[in-house]
Amino acid sequence: MGARVELLGRGRLLSDGREIKSGHFPLLALLALRAPALVSRGEVVELLYPNIERKEALNRLRVGLSRLRDVVPLAEDGDNVGIERQVGLDLLELRQRLSDLRPQSDAEEMCGLRAHLDLLSSQLLPQLEGPWVEREQTAWSLEAVEYLTRLAELAEQESDWGLQKEAADHGLKHLPHDDELWRHALSASSRLGTSAETLQVWNRARRSLQSEGMDFSAPIIAFAQRLLASATQRSGQLGKAEEDVLLRYSESCLKQAPDILLNFLASPAFEAECKREPTGSLRLLEAALGASQAADGSTISCRVARATTLGYMERWPESIAESQALLCKDLDPRDRHRLLNSLSFGCVFAGELKAGLDYLHDLLQLCETHGWDHEKRLAQTTQASCLWMLTHFDEADALFAECIAYFEALEGKDIAARLATTRSNHAGLMADLERYSESVRTAQAAFDASRKIGTLDTTCRAAATLARAAMGLDRTAEGLGFARLALRLAARQSGVRLHVNTLETIGLGLAMGPHPDLGQEMVSQGWKLREEHNLPMVELFLWRRSRVGKGSEKLMPKDSKHALAEAYRALESM
């Protein structure tokens, strides 16, 4: 049978089926995670013994490799070391089997994924600790959730509600706050059973959020419970769910009291739901506007909510056009605030930075007039980002610092998310100014906070900046580790902007540091994708491009996800 290394579950080394205890298992685990590639001894020392004098660290590595050779065939090539291909590796084998499922039919893919449910729900090396382990664990959780979400989707298509819920439950063990997994869990639960079971799943979602100091918004919780109770009273059991638990029973409410519902949707309390679930919220807003006979302030506020919700969905041309038309009307100050805020964001995303600054000027004046100090600080974070992208670095730097100091004195989940995003942006600016030590500290704080909150976009951006800044400090192994993690995080999301930002940020670090050719290629890939998707070419990107030059463009993938995969494979081969 030979040697076998199991990384999933409790992690262990087997020899001819018999477990072998080894005090050097962390070293073996690191080599197994990198297999079939080899790892330089320098990188191993940086990851495993970061706080030990280099001579002593190299001696520990030499002893560890010597002990491992007694039980595991090792491959060596100069300064590089790894595990021979004949050694069994559970994670590598699983990835190969899962990769083989993709070309098959939906039914065959679902059957194959179902067969690997237990392994996909397993944790990676839970007995080990350290920054490098945490990065690998996070990357594995994201990878496993991608397959589990796919299984839930296939099960939903086949009306296999039991498998849909099982896959979602397994995924939630990895990422307790993943919105798509909770949608599957709620949807499947309502289709499977009684109102009590559905409410139980809903309450589990709330408890999970509350365990991290978060919660759904209070008005939405009450509204969902009223709708669920109403449905239960009418039919004696819950209906067949289609999507979100809140929107599932909205038709009955619209038929019975559309104007009352319109008043609720027009209230500021509904704005949090528009951010959390924009697609469902937009559908509900449009249905309410279509059903109501009212022509008052509530109707205008609902139209404002619709325009801003289009922005949350990044449908910026529609959002900007509707917002500009509504600004001409006699608006409540809070509605005007929402529109100006949405327009400033929309112009930033569209690359119209000077127009964005004009709307921000109007927004800041409105906040000054009404004494809205907190809203003013929120607007200033967008202003700082605008100035940064216009390469007004000194002004942006000072404004980011002011906003961070303000947010640090406050508490609450929304503040924590805003603080993490602002820190991530400030860290990116610091990297542009080559203040790499400050950038690492700031990006690390953003990374830790956003990972705890569950904001994947900010976690990804912070990881990419950490990669760039670490490489700027010649901490190559650490930088490459964060680069791989950022690429995996980006691949979990569908936004081309995030994909391009990740490629360009990591590419800048490589180009200005250890691997200029690969860095130039990654920046060039990002640039080409930016052109193909009509993303704005703002001053910051032109400035960055001028610093690294033009890559060979010998590998230009067809889409941004392929670009991420190509970049990841290139980093893995190092």
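In what order do the strands of the open sheet of 3 strands run? The answer is β4-β6-β5, with antiparallel pairing. This is a predicted model, in which local features need pLDDT of at least 70, side-chain atom pairs count only at pLDDT 80 or more, and totals for chains, interfaces and linings use all residues. Residues are numbered from 1 along each chain as its sequence is written, and side-chain values use heavy atoms, with hydrogens and water left out.

**View 1. The whole protein: 29 helices and 7 strands.** Helices (H or I, at least four residues) and strands (E, at least two) are DSSP runs, numbered from the N terminus. Of the 574 residues, 53% are buried, where buried means under 20% relative accessible area, exposed over 50% and partly exposed in between (1.4 Å probe, protein chains only). Take the contacts (heavy atoms within 4.5 Å) with a separation of 6 or more: 62% of them come from residues 24 or more positions apart.

**View 2. The open sheet, with helix α1 across it.** Its edge strands, β4 (39–40) and β5 (74–77), each pair on one side only. Two strands pair here if DSSP finds at least two bridges between them; β4 and β6 (residues 80–83) pair in the antiparallel sense over 2 bridges. Look for valine 39, which stands opposite valine 81 in β6. Helix α1 (residues 25–34) lies across β4, β5 and β6 and runs at about 85 degrees to β6. For that angle, axes are lines fitted to C-alpha atoms, for helices over the stretch in contact, and angles run from 0 to 180 degrees between N-to-C directions.

**View 3. Helix α19 and its cover.** The 18 residues of α19 (353–370) reach 26 Å from first C-alpha to last, close to the 26 Å expected at 1.5 Å a residue. That expected span is 1.5 Å times one less than the number of residues. Buried residues in α19 include Leu353, Tyr359, Leu363 and Cys367. Among the elements covering the buried residues are α17 (316–327), α18 (333–349), α20 (373–389) and α28 (539–548). Right after the helix comes glycine 371, with a positive phi near 70 degrees.

**View 4. Helix α24, largely enclosed by the rest of the structure.** That description holds because 13 of its 17 residues are buried. Helix α24 (residues 456–472) reaches 24 Å from its first C-alpha to its last, close to the 24 Å expected. Just past α24, aspartate 474 takes a positive phi of about 65 degrees.

**View 5. Two of the 5 aromatic pairs in the structure.** Rings of Phe, Tyr and Trp (its six-membered ring) pair if their centres lie within 6.5 Å; planes under 30 degrees apart count as stacked, over 60 as edge-to-face and the rest as tilted. Tryptophan 388 and phenylalanine 400 form an edge-to-face pair, 6.3 Å centre to centre with 75 degrees between the planes. Tryptophan 388 is in α20 and phenylalanine 400 in α21 (residues 393–408), 12 residues apart, and both are buried. Phenylalanine 393 and tryptophan 543 have ring centres 5.1 Å apart and planes at 70 degrees, so this pair is edge-to-face too. Phenylalanine 393 lies in α21 and tryptophan 543 in α28, so the pair ties together parts 150 residues apart in sequence. Phenylalanine 393 counts as buried at 12% relative accessibility, while tryptophan 543 is partly exposed at 27%.

**View 6. Arginines over aromatic rings.** A charge sits over a ring if NZ of Lys or CZ of Arg is within 6 Å of the ring centre and within 35 degrees of the ring normal. Arginine 334 has its charged end over the ring of tryptophan 372, 3.9 Å from the centre. For arginine 530 the ring is that of phenylalanine 541, with the charged end 3.8 Å from its centre.
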